[in-house]
Amino acid sequence: MSRAPSPSDATTTAAAKEPPAASRRPFDVHGPRENPGGIDLRFLPIDLLLRPLPALTASALRCRILRAAGLRLAKSSIFWGMPTFLGTGDVAGQLTIGEVCGINVGCVFELEDRITLHDHVSVGHNVMFLTRTYEMGPGAQRAGAVVRAPIVIEEGAWLGARCTIMPGVTVGAGAVIGASVVVTQNVPANTLLTGSNKISLAKWR
Amino acid sequence: MNDRAEVIRSRARRLAEVLDGETRAFYPRLRAVSLVSRLVPLRVANGLRASILRQAGFHIGEGTLICGTPNFSCGEKEVSTHGRLVANLSIGEGCLIEVGCTFELDARITIGDRVTIGHQVIILTATHELGPRTHRAGPIIRTPVNIESGVWIGARSLILPGITLGEGSVVAPGSVVNKDVAPHARVGGIPAKQLEVLEP
C-alpha cells in the first residue's frame, strides 16, 4: 500500500489500457478485472493428496512429496502442516526455501511472484505471504491494476504467528517479527518489529 | 399412568428443544452448495464459484469473482429459514472476493459494486451489549454492515457490526474497523484511524 502511486497516475494508466467499447461491461470501470488464478495440473493432485494429512503428522513424508513435485525445499527444512499455495502457472517453481527452515501450520503462500526463504528461517502459525496487490485506482474502484512483487526473507529471521508479509517486502537477516504484525515495508537486519515499534537486536548475539 | 405420559411428553419436548438448538444453524441447502463450491480448487474458476453460490440463493452481481468459498455463519433464531439467511448477503457487480473470508449473516451485509475484499477478511454482524461483571457479554445485538461501491478492503481486516464503509474508501491490511469510514478515506491500524483522504 505504501508503494501505491497517486490516484491521478492510476487514472491515466487505466485510460491508456482501455479496452474496446464492445467488450466493456457497465461494471468495468477501468477494463475487465484480471481474474486471479489458473490451474497447475502437476501441483493440484499433490495438494489434494496432502491436504487430508493431519498437521504435525508425517511431515517428512509431506516434504518429500513436495520436493518430488518440484518445490525447491532444502532437505533439512520442514513444513509442519500443509500450507495453502495460491498462484498462477508454475506454482512450485516460485518458492525457494533454504536449509533448516521450519514452517508451522496454516501458512498461506500466494505464489504470483517469487517467495524466497533463506537458511534458518522460522515461520509461525498462519503466516501469510502475499505477492499480489493493486495500484490505487479512482473512487469508483479503488483496487486498480494488479501489481506483483517478490518477497525475500533473509537468513535467521523469525516470523511470529499470524503475521502478514505484504508484496515486495524484504525481511533482513536476523530480524524478528512479532505476532499478528502486518509487514508493509522492508525490515532492517537484526530488528524486532512489533506493530509500529522497531527495536534493534544488534547487541543480541 | 398419567404421570408416565407426562414424563414422556416432557422428555419429547426437551428432545425437540435440543434438536432445534443443535440443528438451527445447519441450513442444509447452504451446506450442500458450499460443499460443491469447495470442490473447486482455490483461485480456479472464480466466476463458476460465484455461480454455484448463486444457486444457494445469494444475490451476487454479474462479473463478480469469488476466489475461495467464504465461510458463512449464522446463529440467529429469527433467521432460521434458508430464504431469510440468503437474503442477508448481497454482493454487487464486478467485485472480487479473495480466499478464506468469513461473513456472519446474523444481519444484512450489503456489498456494493466493484468492491475488492482481500484474503481472510472477517465481516461480523452480531455482538453483545456490555453486561454486568458476572457475565460481561450480555444480550446479543445484531446490526447490518454496509460496504459501498468501489471499496478496497486489505487482507485480514476485521469489519465490526454496524459499520458503513463509504464509497471509494480503502481499509489497510490487518485493520480492525470499529467506526464508520467516510467516503474516499483511507483508514488503517487497530482500531482503524483515518490515514488520508483520497481524491474521489
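## A chat about helix α3 of chain B, two pockets and two cysteines

User: Hi! Which residues are buried in helix α3 of chain B?

Analyst: In α3 (residues 46-54) of chain B, the buried ones are B:N46, B:R49, B:A50, B:I52 and B:L53. Buried means under 20% relative accessible area, exposed over 50% and partly exposed in between, with a 1.4 Å probe and protein chains only. Helices are DSSP runs of H or I with at least four residues, strands are runs of E with at least two, and both are numbered from the N terminus.

User: Where do they sit around the axis?

Analyst: They are on the same side of α3(B), because they cover an arc of only 160° around the axis. The arc is taken from the directions from the helix axis to the C-beta atoms.

User: And what covers them?

Analyst: The cover includes α2 (28-39), β1 (59-60), β2 (65-66) and β3 (71-73) of chain B.

User: Anything I should know about the model itself?

Analyst: This is a predicted model, where local features need pLDDT of at least 70, side-chain atom pairs count only at pLDDT 80 or more, and totals for chains, interfaces and linings use all residues. Residues are numbered from 1 along each chain as its sequence is written, chains are lettered from A and ligands numbered from 1 in the order written, and side-chain values use heavy atoms, leaving out hydrogens and water.

User: Switching to cysteines: how many disulfides are there over all chains?

Analyst: The count is 0 over all chains, a disulfide being a pair of cysteine sulfur atoms within 2.5 Å.

User: Why no bond for A:C63?

Analyst: Its closest cysteine sulfur, in A:C101, is 11 Å away, which is too far for a bond. A:C63 is buried, with a relative accessible area of 1%.

User: Is A:C101 buried or exposed?

Analyst: A:C101 counts as buried, because its relative accessibility is 3%. You'll find A:C101 in the loop between β4 (95-97) and β5 (102-103) of chain A.

User: What does A:C101 touch, apart from its neighbours within four places in sequence?

Analyst: A:C101 is in contact with A:S76, A:S77, A:I78, A:H118, A:D119, A:H120 and A:V121. Contact means heavy atoms within 4.5 Å.

User: How far is the C-alpha atom of A:C101 from that of A:F79?

Analyst: The two C-alpha atoms are separated by 8.5 Å, with the residues 22 apart along the chain.

User: Last topic: how do the residues lining the largest pocket divide?

Analyst: There are 16 nonpolar, 11 polar and 6 charged residues in that lining. Ala, Val, Leu, Ile, Met, Phe, Trp, Tyr, Cys and Pro count as nonpolar, Asp, Glu, Lys and Arg as charged, and the others, Gly among them, as polar. A pocket is an open set of points on a 1 Å grid over the protein atoms alone, where a 1.4 Å probe fits, with protein on both sides within 12 Å along at least five of seven lines; lining residues have an atom within 4 Å of a point.
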